[in-house]
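Colleague: Could you walk me through this model, strand by strand where it helps? I'd like to know what I'm looking at before I set anything up.

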Amino acid sequence: MIPSNNVVHNVGSRIMDSSFIGAVTKSLMGAAFTVGGVIASVGAAGAAEPKPWQMGLQDPSGSIADKANDLHNLLLWIITAISVFVLALLIYTCIRYREGRNPVPSKTSHHAVIEVVWTVVPVLILLVIAIPSFKLLYYMDRTDETDMVVKITGAQWYWTYEYPDQELAYDSYMIATEDLEEGQKRLLDVDYPMVVPEGTRIKLLIQANDVMHSFFVPSLAVQIYTVAGRTNEAWIDVPMGEKTYYGQCNQICGVNHSYMPIVIKAVSADDYKAWVNEAKEEFATLDRPAQKDDATIQLAEAE
Ligand SMILES: [Cu+2]
């Protein structure tokens, strides 16, 4: 028996969490500090969320996000160098070979050396990009070292979190703008966040109840589609420190797509135990209205 809970459900709008120009600026400045793999790590307390007028990515949390951020910074250096080089070449050509200075244009149509260079150099650049990309892809694909499992189900328009080891499940709805309390974030805070212990690696089993959704938490660098009838797997590396990570569904999933935010709350191990006990009591009396048609869900246990 997996109990659950069902509360208010509401509206809001999407928030952009990054912009390209901002990312370039920030990363160019940030890259100087990140060379050598040193990432300015985020403060232990607080929240990972989009900020008004934010430029650049959210601060990375955990090993996956650190690596993704490093790759992003590397790519920005490369893409910036290529863009500057091409622009300089264009400007030089326009000036040097303008009609006034160069009235009789060259009729050259082949140049073996140049052709070899402009084929080989891009291949080398792609190789330089591919190696860290594949390393990251394999790193974030799966891991055997997870400490616990959370099963996440996307539904129109809320999330269901299930802790199979704890026999605990509940729904998570956005808090309506009119119901917000002091300090709560509009369009981002939810009634029941996904609570996890700090410093854990968590396997996520992700599926959908109806249409496609996407579980996206930028600061943890996790984004995975939820598909009905299929279980996708991902994992997150929640670092030490009590912190709240905000995310959103980022697959257009219907009229209230913008109103199914994700909140992951990392707490200390003791607080987590206390929360599990409380949650078991709180959600035990409720049935599972959203998923009453599901067969009783039997999940694989964490290794
Ligand atoms: Cu959705």
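Colleague: Let's start in the middle of things: which residue in β9 does R201 stand opposite?

Modeller: Bear in mind that this is a predicted model: local features need pLDDT (the predictor's confidence in each residue, from 0 to 100) of at least 70, side-chain atom pairs count only at pLDDT 80 or more, and totals for chains, interfaces and linings use all residues. Residues are numbered from 1 along each chain as its sequence is written. Strands here are DSSP runs of E, at least two residues, and helices are runs of H or I, at least four, numbered from the N terminus. β6 and β9 run antiparallel with 7 bridges between them, and in β9 the residue opposite R201 is D237.

Colleague: What is the order of the strands in the open sheet?

Modeller: Two strands pair if DSSP finds at least two bridges between them. By that rule β2 (residues 148-155) and β6 (residues 200-208) pair in the parallel sense over 7 bridges, while β3 (residues 158-163) and β4 pair in the antiparallel sense over 5. The pairing in this sheet is mixed, and its 5 strands come in the order β4-β3-β2-β6-β9.

Colleague: Which strands of that sheet have one side left without a neighbour, and why?

Modeller: Look for strands with a single partner, because that leaves one side of each without a neighbour in the sheet. The strands at the edges that fit this are β4 (168-172) and β9 (232-238).

Colleague: And by how much are neighbouring strands turned against each other on average?

Modeller: The axes are lines fitted to C-alpha atoms, with angles running from 0 to 180 degrees between N-to-C directions. With direction ignored, neighbouring strands of this sheet are turned on average by 25°.

Colleague: Over to β10: how many of its residues are buried?

Modeller: Buried is a neighbour count: 20 or more other C-beta atoms within 10 Å of the residue's own, with 12 or fewer making it exposed, anything in between partly exposed, and C-beta atoms placed from the backbone. Across the protein, 29% of the 303 residues count as buried. β10 (residues 243-249) is largely enclosed by the rest of the structure, because its buried residues number 6 of the 7.

Colleague: Which strand pairs with β10 over 6 bridges?

Modeller: β10 has a few pairings to sort through. With β1 (residues 47-48) it runs parallel, joined by 2 bridges, and with β7 (residues 213-217) it runs antiparallel, also joined by 2 bridges. The antiparallel pairing over 6 bridges, in which Y245 has I264 as its bridge partner, is with β11.

Colleague: I264 again, then. Where does the largest nonpolar core lie?

Modeller: A nonpolar core is a set of buried Ala, Val, Leu, Ile, Met, Phe, Trp, Tyr and Cys residues joined through C-beta atoms within 7 Å. The largest one has 47 residues, and L220 and I264 have the most contacts inside it. Domain bounds come from an automatic or database assignment; both domains give residues to this core, so it lies between domain 1 (20-141) and domain 2 (148-291).

Colleague: Last one: over which residues does pLDDT stay under 50 while the model has 94 contacts beyond four places in sequence?

Modeller: The protein averages a pLDDT of 82, and 79% of the residues score at least 70. Where pLDDT is low, the predicted coordinates should not be read in detail. Residues 292-296 also stay under 50, but there the model has 1 contact (C-beta atoms within 7 Å) beyond four places in sequence. The stretch with 94 such contacts is residues 1-44.

Notes
Contact = placed C-beta atoms within 7 Å.
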